[in-house]
Amino acid sequence: MRVCVLASGSKGNCTFVEGENTRILIDAGLNKTEIENRLNTIGIEPSSIDSILITHEHSDHIKGVGAFARAHKCKIFAHPDTWGAMQEKVGTIQAEKRVGIFGSNFYINELAITSFDLSHDSAHCLGFSVHEGNKKISTATDLGFINDTIIKHLADSSLVILESNHDIPRLMSNPKYPLYLKQRILSNRGHLNNKDSAEAVLKMLGYGIRGLIAAHLSEENNTPDLVMKALNDIVARQGGELAKEIYVDIAKQHKVGNIYRIKS
Ligand SMILES: [Zn+2]
Ligand SMILES: [Zn+2]
């Protein structure tokens, strides 16, 4: 199994996941050409994408969905509430390419997918785990808070892509953000802050997680250094050392990320 975050952040999200015989995207929040360019960068023919899983209808997750689906053979998987909410934005997509996520477990060829609910200011928001044999990776971004149910879905994955959106003091002191927007981001239906994200990672250590990609960083209210500091501090407070516990990478907005090969 291979995984690569093609883009992450409020200007567009897209993650590539590849099984033995199946290639999928989780979200398609860049425009079609940009997604194709980024796939080409890692040597993947865009027309070889089997399916796109949609987390929720915000434009940074669906911008390229309609055009990509019309240009290629791929199917689109989304929760029925998400289909309703993104209908107009994605335009016409052939009926046979539209798939509703009704249950939380389903297959895309050999890939077994589990979806789980996240709290966010959208019609519905999903996190996903992708399993192939005993290999598992999970993603959870765009969530106002994290709880033990979500942590359970993530914790036994080899690689977790988890939101670390903002540093609270930096957000609060940002003069460019009006109060209502700060409140929206901080709310239970907003985005996960560095501290809550780091606390969740601490809880996961020891359950099989080997790698973390901190994702959906705000370019305004966060920096990779602040994310690393939150993680380092929380592990150090328990007497541990982050680098000995887990490999950490930071997903980028403007650059294709590293390609990870998941062995088990
Ligand atoms: Zn988003
Ligand atoms: Zn969102």
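Me: Which residues are the protein donors of the zinc ion (ligand 1)?

Reply: Bear in mind that this is a predicted model. The donors lie 2.1 to 2.2 Å from the zinc ion (ligand 1). Two bind through an OD atom and two through NE2: they are Asp60 (OD), Asp142 (OD), His61 (NE2) and His216 (NE2).

Me: And how are those donor residues of the zinc ion (ligand 1) spaced in sequence?

Reply: The pair His61 and His216 links distant parts of the chain, 155 residues apart. His61 sits in helix H2, while His216 is in the loop between strand S12 (211–215) and helix H9 (224–237). Written out as a pattern, the spacing is D-H-x80-D-x73-H.

Me: Why is the arrangement around the zinc ion (ligand 1) irregular?

Reply: Four donors count as tetrahedral if all angles lie between 85 and 135 degrees. Around the zinc ion (ligand 1) the 4 donor atoms subtend a wider range, and that makes the arrangement irregular: the angles run from 92 to 164°.

Me: Are His61 and His216 buried or exposed?

Reply: Buried means under 20% relative accessible area. His61 has 0%, and His216 has 2%. So the verdict for His61 is buried, and for His216 it's also buried.

Me: Which atoms coordinate the zinc ion (ligand 2)?

Reply: Here the distances are 2.1 to 2.5 Å. Along the chain the donors follow the spacing H-x1-H-x61-H-x21-D. With the atoms filled in, that gives His56 (NE2), His58 (ND1), His120 (NE2) and Asp142 (OD).

Me: What makes the arrangement around the zinc ion (ligand 2) irregular?

Reply: For a tetrahedral label, all angles would have to lie between 85 and 135 degrees. The 4 donor atoms of the zinc ion (ligand 2) don't keep to that, so the site is irregular, with angles of 91 to 173°.

Me: How many residues apart in sequence are the parts that His58 and His120 tie together?

Reply: His58 is buried, and so is His120. His58 lies in the loop between strand S4 (51–53) and helix H2 (59–62), and His120 in the loop between strand S8 (111–117) and strand S9 (126–132). The parts that this pair ties together are therefore separated in sequence by 62 residues.

Me: Which residue bridges the zinc ion (ligand 2) and the zinc ion (ligand 1)?

Reply: The two zinc ions are 3.5 Å apart, and one residue coordinates both. Its place is in the loop between strand S10 (135–140) and helix H5 (148–155), and at 1% relative accessibility it counts as buried. The bridging residue is Asp142.

Me: What phi do Asp142 and His216 have?

Reply: Neither residue is a glycine, yet phi is positive at Asp142 and at His216. Asp142 is in the loop between S10 and H5, and His216 is in the loop between S12 and H9. The values are about 65° for Asp142 and about 55° for His216.

Me: Which residues are closest to the centre of the largest pocket?

Reply: This pocket holds about 230 Å³ of space, and 15 residues line it. One of the five closest, His216, is also a donor to the zinc ion (ligand 1). The closest ones are Ser10, Asn165, Arg184, His191 and His216.

Me: Which helix gives the largest share of the lining of the largest pocket?

Reply: By residue type, the lining divides into 3 nonpolar, 8 polar and 4 charged. The largest share is 3 residues, and they come from helix H7 (residues 179–186).

Me: What about the largest cavity: which residues lie nearest its centre?

Reply: The structure holds 3 cavities of 30 Å³ or more, and the largest has a volume of about 110 Å³. Its lining divides into 6 nonpolar, 7 polar and 1 charged, with strand S1 (2–7) and strand S2 (14–18) each supplying at least two residues. Nearest the centre are Asn13, Thr15, Asp27, Thr141 and Ile161.

Me: How many disulfides does the structure hold?

Reply: A disulfide needs two cysteine sulfur atoms within 2.5 Å. The sulfur of Cys14 is too far from its closest cysteine sulfur, in Cys4, at 9.3 Å. Cys74 is buried, with a relative accessible area of 0%, and the nearest cysteine sulfur to it, that of Cys14, is 10 Å away. The number of disulfides is 0.

Note on methods
Residues are numbered from 1 along each chain as its sequence is written. Chains are lettered from A and ligands numbered from 1 in the order in which they are written. This is a predicted model: local features need pLDDT of at least 70, side-chain atom pairs count only at pLDDT 80 or more; totals for chains, interfaces and linings use all residues. Side-chain values use heavy atoms; hydrogens and water are left out. On a 1 Å grid over the protein atoms alone, a cavity is a set of points where a 1.4 Å probe fits but cannot get out, and a pocket is an open set with protein on both sides within 12 Å along at least five of seven lines; lining residues have an atom within 4 Å of a point. Grid points are joined across faces, edges and corners, and a volume is the space filled by probe spheres set on the points. Helices (H or I, at least four residues) and strands (E, at least two) are DSSP runs, numbered from the N terminus. Ala, Val, Leu, Ile, Met, Phe, Trp, Tyr, Cys and Pro count as nonpolar, Asp, Glu, Lys and Arg as charged, and the others, Gly among them, as polar. Donors are N, O and S atoms within 2.8 Å of the metal (3.2 Å for Na, K and Ca); water is not among the atoms, so sites may look incomplete. Four donors count as tetrahedral if all angles lie between 85 and 135 degrees; four count as square planar and six as octahedral if opposite donors are over 155 degrees apart and all others between 65 and 115; anything else is irregular. Buried means under 20% relative accessible area, exposed over 50%, partly exposed in between (1.4 Å probe, protein chains only).
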